[in-house]
Amino acid sequence: MLFPTLGAATRCIDFVIQREPRYSEQVNVVQLVLDVSKAASALVRKLAPTIAAVMLPREAFSLAKQYWQHSGDGISSRRAEFCHALFKDHLLVPSARAASPASKSTRGPRRYQRSSVDDTAANGEAQTAPAKSSVEESQESLRFLEERFGRNLDLNLVERAKSAIRRRIAGSVVQDIDLQSEASQRTAQDSTGRHNIDESNVYLFPAGMNAIFNAHRALLAARGPLKSINFGFPYVDTLKILQKFGPGCEFFGHASSDDLDELETLLRRGVRFLALFCEFPGNPLLTCPDLKRIRRLADEFDFAVVVDETIGTFANVNVLPAADIVVSSLTKIFSGDSNVMGGSAIINPDSKFCQQLKGAMDSIYEDTYWPEDAVFMERNSRDFLQRIIRINANAEAICATLQSHPNVKRIYYPKLNPSKNHYDDFKLPEMGYGGLLSVVFHRKTQAQVFYDAISTAKGPSLGTNFTLCSPYVILAHYQELEWAASFGVAEDLVRVSVGLEETRSLQTIFERALRASEENDGPPGQ
């Protein structure tokens with residue numbers, strides 16, 4: 001299993017061994033680094049690509065996969081492609097063999113290291129150095145990689161691209177910027193109404209889950225081993241992070257006022273917590289928790305608030321006044337093009353935990369965001385605000401189409417939900433209610449026919465520039481359908497992520513699928 005750094009690989013192995021100590025003598029980490037003794041351009045040397053491979057028994061794979069899935073610590077496809085090309089041509093080698101006069105090789109904890117690098121081939125004979133022709137081929141391959149990589153990326157622009165993303169997230173930059181320019185674009189008050197947010201308060205990660213994972217790590221490092229709170233029906237991996245990494249969590253799945261009453265009762269009994277994690281709005285019911293009341297409780301009882309605003313997006317809502325940390329999956333609407341992943345975490349400069357959290361985050365933070373991914377993300381997100389405006393309008397048009405049909409039992413959308421007032425508390429002026437909605441039909445067969453008939457793309461993601469439908473509950477909670485239903489999440493719910501298509505064309509697509517659903521006239525519930 002592959003990770004971008006030795007630290008991530010070591011955390012994976014620690015996770016496995018904590019659950020199955022019998023594997024402690026059967027795991028290894030092999031760190032692959034650039035062999036700088038071979039000719040390489042300044043570009044590749046500066047890039048300094050690394051991969052850390054976790055070697056473990058096949059039967060331990062499922063445990064390692066849990067860590068990989070929950071943490072978001074894996075490698076991107078672009079990093080994998082680039083490093084694989086170097087590796088197959090003997091340019092990326094185990095760190096013990098990399099001749100590096102400029103720097104000391106980094107190796108993992110001794111308990112995880114192989115005693116030596118095994119250079120024995122499968123037939124038992126020692127491997128020899130590559131023949132001259134192989135070396136020449138390697139150099140030719142390296143030149144090809146440099147040329148290919150250079151066409152997509154000027155490393156001198158990478159830090160500027162990352163800075164542009166951070167400033168765009170903070171609200172300081174919403175228009176196209178010239179990365180060749182050194183000028184910093186700042187405003188006294190940013191486009192989202194936020195004040196005093198410097199880009200140093202924004203951290204970038206290779207995936208949204210990795211932002212949540214590291215927010216939790218930073219909180220534990222800053223405040224000690226306390227349980228957390230998962231408030232609202234959760235994205236699966238968020239709940240798993242809180243349950244499996246650290247002392248655990250309390251789960252309040254409805255995000256209701258009754259849930260807050262129950263939480264307040266626990267707090268007044270003296271129970272203390274690390275942080276409350278919630279989504280705003282939630283997925284897939286688009287329920288918005290009462291962030292104002294949560295903030296009051298957090299201030300009174302000394303816990304942090306972490307808000308995932310991926311679905312609301314920081315173009316539509318500003319939840320920072322209620323949060324100590326705001327996390328987001330940039331993979332979704334921020335990018336829109338479905339060709340790059342990313343995540344972010346904002347530490348609120350006005351949080352009473354700000355200095356503790358920044359100190360902790362700075363101490364654990366590894367910039368593993370692959371440069372080429374950062375450049376793609378910067379390019380994709382330049383028109384983020386304009387896309388959101390169109391998506392907001394399309395989503396409301398689709399809701400109107402669905403509302404008018406008798407087969408539709410309920411639509412879940414922030415503007416239509418009973419928790420609309422909580423959304424409105426943080427909605428930015430002139431902005432909307434986002435691009436995600438869910439629909440439930442009176443009969444399961446109506447939902448099935450509708451889903452089969454709708455001529456949009458179909459898949460489990462959201463925030464794409466094209467409309468995407470999904471039988472979300474079946475995909476995300478197939479092994480726990482009854483549990484999901486206990487929180488009001490019906491197994492035949494259809495989730496719709498709205499795209500940028502022409503509004504009337506989208507409405508026509510939904511009208512056709514609704515007409516198809518009329519062909520089912522079975523009894524309710526079927």
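In the predicted model, R166 is in contact with E159, E199, V202 and L204, once its neighbours within four places in sequence are left aside. The residue has its place in helix α6, which comprises residues 155-170. With a relative accessible area of 17%, R166 falls under the 20% limit and is therefore classed as buried.

Two of these contacts of R166, V202 and L204, lead to strand β5 (202-205), which is one edge of an open sheet, the other edge being β7 (249-252), and each of these edge strands pairs on one side only. Seven strands make up this open sheet, in the order β5-β11-β10-β9-β8-β6-β7, and their pairing is mixed. From one strand to the next, the twist averages 20°. Helix α8, formed by residues 236-244, packs on the sheet and touches β6 (228-231), β7 and β8, with a direction that makes about 160° with that of β6. Because angles over 145 degrees count as roughly antiparallel, α8 and β6 can be described as roughly antiparallel in direction.

Within the seven-stranded sheet, β6 is covered on both faces, since S228 and N230 on one side and I229 and F231 on the other are all buried. The pairing of β6 with β7 is in the parallel sense and extends over four bridges, and N230 has F251 in β7 as its bridge partner. N230 thus appears both among the buried residues of β6 and in the pairing with β7. Strand β8 (residues 275-279) and strand β9 (residues 304-308) likewise pair in the parallel sense, over five bridges, and in this pairing E279 stands opposite D308 in β9.

A further open sheet is formed by four strands in the order β1-β3-β2-β4, and here the pairing is antiparallel. Its edge strands are β1 (2-3) and β4 (92-94), each of which pairs on one side only. Between β1 and strand β3 (residues 50-55), the antiparallel pairing is made over two bridges, with F3 standing opposite A52 in β3. Helix α4, residues 77-88, lies across β2 (28-34), β3 and β4 and runs at about 85° to β3. Since angles of 65 to 115 degrees count as roughly perpendicular, the direction of α4 is roughly perpendicular to that of β3.

Two packed helices are described by the angle between their axes and the distance between the axes. For helix α13 (residues 384-403) and helix α18 (residues 503-517), the axes come within 10 Å and cross at roughly 30°. This angle is under 35 degrees, and α13 and α18 are therefore roughly parallel to each other. The crossing of the two helices α13 and α18 is right-handed. On the α13 side the contact involves R390, N394, A397, I398, T401 and L402, which meet T503, L506, Q507, F510, E511 and L514 in α18. By class, this contact of α13 with α18 has six nonpolar, four polar and two charged residues.

Taken over the whole chain, the secondary structure comes to 18 helices and 16 strands. Of the 526 residues in the chain, 56% are buried. Among the contacts in the chain with a separation of 6 or more, 73% are accounted for by residues 24 or more positions apart.

Key
Residues are numbered from 1 along each chain as its sequence is written. This is a predicted model: local features need pLDDT of at least 70, side-chain atom pairs count only at pLDDT 80 or more; totals for chains, interfaces and linings use all residues. Side-chain values use heavy atoms; hydrogens and water are left out. Axes are lines fitted to C-alpha atoms, for helices over the stretch in contact, and angles run from 0 to 180 degrees between N-to-C directions. A crossing is left-handed if the near helix is turned anticlockwise from the far one by less than a right angle, and right-handed if clockwise. Contact means heavy atoms within 4.5 Å. Ala, Val, Leu, Ile, Met, Phe, Trp, Tyr, Cys and Pro count as nonpolar, Asp, Glu, Lys and Arg as charged, and the others, Gly among them, as polar. Buried means under 20% relative accessible area, exposed over 50%, partly exposed in between (1.4 Å probe, protein chains only). Two strands pair if DSSP finds at least two bridges between them.
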